[in-house]
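Good morning, and thank you for making room on the agenda. I would like to take the group through selected local features of one model, beginning with a point of terminology.

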Amino acid sequence: MSKETVIVLDFGGQYNQLIARRVRECNVYCEILPYTVDLETLRSKQPKGIIFTGGPNSVYDESSPHYDPAVFELGIPVLGICYGCQLMAYSLGGNVVSAADDAVSEYGKTETRYSDECVLFKGIASRGISWMSHRDYINKVPEGFKVFATTAHCPVAAMGDPERGLYGVQFHPEVNHTEHGKYMLRSFLYDVCGCRGEWRMDSFIDSTVASIREQVGNRGVVLGLSGGVDSSVAAALISKAVGKQLTCVFVDHGLMRKDEGDFVEQTFTRLFDMNFVRINCADTFFEKLKGVTDPEDKRVIIGTEFYNVFWNKVRESYGSGFFAQGTIYPDRIESGKGDAAKIKTHHNQVGLPEDIRFDAVIEPLKDLFKDEVRAVGEKLGLPRELVWRQPFPGPGLGVRVIGEVTPDRVRILQEADAILRDEMERCGYAGQMSQFFAVLPGVKTVGVMGDARTYDELVAIRAVTTDDFMTADWAKIPYEVLGNVSNRIINEVKNVNRVVYDITSKPPGTVEWE
């Protein structure tokens, strides 16, 4: 792996991970650090460049996140985005003011005028669309800076001090709505920071395999394989390094999609040289979930029982050597949002029981984003349907069966979901949607089948399109396709007499129902 690194300093912006992904798409490795990291730690990373993210605060508010102005004296190029741009101006003696009225505020697509005197904008049209989201704005740039872009309402849409390699943009070049945004970031990385672009998946695989092989030696490795993308790619990577020294423990709790447990087992026993241990314990999980309807209670029960089953198996035979996890970079990023509320503990970062002692924890994907993990999986030969597996909740179908989870209700949902997935593949729409699945809402309706009255289950279909899952729109699936799905589910799945389609975007809804 190349030592060439760019640091994304997070000031609480919603696009911090997107900025990092755009940098890596330019073949430059980067890390995200919170604004609370001290200057010496930042300098010790020896970054080729630093990017300040946006954020929801006002720079002149003393409680807002700030950073040591000495960062601008390190001789390291800095790019400030949105709040980061304002912070740069404020810290270096410029002036930032709050919009007196909404006429000065800018949100969304904004026509922007660029100067080709700026290295960031060389070769692009003098006018273009950028994505703005700000109330405050810079009305005076610091000494030594020039204004390089403007809009009808923003006197400083971009500024820079080329001699010191300091640049700021009020808009968001990292989002797709900004025309030539990726080009602007690439120009900063290559023309200002002097990056060579040596971050490649092939070199990552080779160096990671060599590192694991050296670390493990002749000892064993245990990995909890969920069948998800992250744990599957981690298993494939470790198997490439140490073969039969790897044991994958797969807990099949009966809450996966139809035939998914068999697919996972067949994939890893056929393609990889490893020890694969499958624990079939659906009966135990259904017994624990009997009578439980609250979604949070279900999550806790499923998570706790999964933890117990896995570690009891490890205690039996594998409590030595190394423990491996499919942790990826977003799982371990420390947010720059300050005292943000804890939403959930990620399933890829579990604590080891006190009575189990491993030599160390191996996390081969800990520096990668999801799209990079998928790229590694493809290069390692994992099946496409596994590598591009859609997001699936940790508790599985336990939170897509609304209300009590029973074997029969899970069976109904598995059959309906399998038909939906089959039809989406047949019509070619599967690749156009970010996520689609069936839900069993626990609602019964009256119907007529074979001239007889029925009173059976309703199945809901959910499908969304999104770039980042922070917002999502319901997918505009053609009526004909929805009709085929509905007809097949009602005719092929016992105990279902009605199908509905969820047309709620996010917000106000979430992607999952529970």
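Helices, of at least four residues, and strands, of at least two, are DSSP runs numbered from the N terminus. With that convention, Gly450 can be placed in the loop between strand E18 (444-449) and strand E19 (452-465). Please keep in mind throughout that this is a predicted model.

Let me stay with that loop for a moment. Is Gly450 buried or exposed? Its relative accessibility is 76%, so Gly450 counts as exposed. Between Gly450 and Glu363 there are 56 Å from C-alpha to C-alpha, for a sequence separation of 87 residues.

I turn now to helix packing, starting with helix H5 (residues 201-216). H5 packs with helix H6 (residues 229-242) at an angle of about 60°, and the two axes are 8 Å apart. The two helices are therefore oblique to each other, and the crossing of H5 and H6 is right-handed. From H5, the contact involves Phe204, Ile205, Thr208, Val209, Ile212, Arg213 and Val216, while H6 contributes Leu237, Ile238, Lys240, Ala241 and Val242. By class, the residues of this contact between H5 and H6 are 9 nonpolar, 1 polar and 2 charged.

One of the H5 residues in that contact, Thr208, deserves a closer look. With a relative accessibility of 10%, Thr208 counts as buried. Apart from its neighbours within four places in sequence, Thr208 is in contact with Leu237 and Pro364.

H5 has a second partner to consider, helix H11 (residues 370-379): the axes of H5 and H11 come within 10 Å and cross at roughly 75°. This angle makes H5 roughly perpendicular to H11. On the H5 side the residues are Met201, Asp202, Phe204 and Ile205, and they meet Glu372, Ala375, Val376 and Lys379 of H11. The contact of H5 with H11 comprises 5 nonpolar and 3 charged residues, with no polar ones. Phe204 and Ile205 thus appear in the contact with H6 and also in the contact with H11.

Which residues of H11 are buried? They are Glu372, Val373, Arg374, Val376 and Gly377. The cover over these buried residues of H11 includes helix H1 (16-25), H5, H6 and helix H12 (384-387). Just after H11, Gly381 adopts a positive phi of about 90°.

A further helix pair is formed by helix H13 (residues 407-427) and helix H14 (residues 479-492). Their axes come within 9 Å and cross at roughly 145°, and the crossing is right-handed. H13 brings Ala416, Ile419, Leu420, Asp422, Glu423, Met424, Arg426 and Cys427 to this contact, where they meet Val481, Asn484, Val485, Arg488, Ile489 and Glu492 of H14. The residues of the contact of H13 with H14 divide into 8 nonpolar, 1 polar and 5 charged.

Next, the backbone. In the loop between H14 and strand E21 (496-501) sits Asn495, whose phi is near 80°, a positive value in a residue other than glycine. Asn495 is partly exposed, at a relative accessible area of 27%. Gln46 also has a positive phi, of about 50°, although it is not a glycine. Gln46 is placed in the loop between helix H2 (39-44) and strand E3 (49-52), and with a relative accessible area of 65% Gln46 is exposed.

In the segment after E21 we find Pro507 and Pro508. The peptide bond between Lys506 and Pro507 is cis, with omega about -10°. The bond from Pro507 to Pro508 is cis as well, its omega being near 10°.

Towards the other end of the chain, Thr5 lies in strand E1 (residues 5-10). Thr5 is buried, with a relative accessible area of 7%. Leaving aside neighbours within four places in sequence, Thr5 is in contact with Tyr29, Cys30, Glu31, Pro47, Lys48 and Gly49.

Finally, the cysteines. How many disulfides does a search of the whole structure find? The search finds 0. For Cys26, the closest cysteine sulfur is that of Cys195, at 9.3 Å, which is too far for a bond; the cut-off is 2.5 Å. Cys26 counts as buried, with 1% relative accessibility. For Cys281, the closest cysteine sulfur belongs to Cys248 and is 16 Å away, again too far for a bond. Cys281 is likewise buried, at a relative accessible area of 8%.

Thank you for your attention.

Methods
Residues numbered from 1 in each chain as written. Predicted model: local features only at pLDDT ≥ 70, side-chain atom pairs only at ≥ 80, totals over all residues. Heavy atoms only, no water. Buried < 20%, exposed > 50% of the residue type's maximum accessible area, 1.4 Å probe, protein only. Contact = heavy atoms within 4.5 Å. Axes fitted to C-alpha atoms, helices over the stretch in contact; angles between N-to-C directions. Parallel < 35°, antiparallel > 145°, perpendicular 65-115°, else oblique. Left-handed = near helix turned anticlockwise from the far one by under 90°. Nonpolar A, V, L, I, M, F, W, Y, C, P; charged D, E, K, R; others polar.
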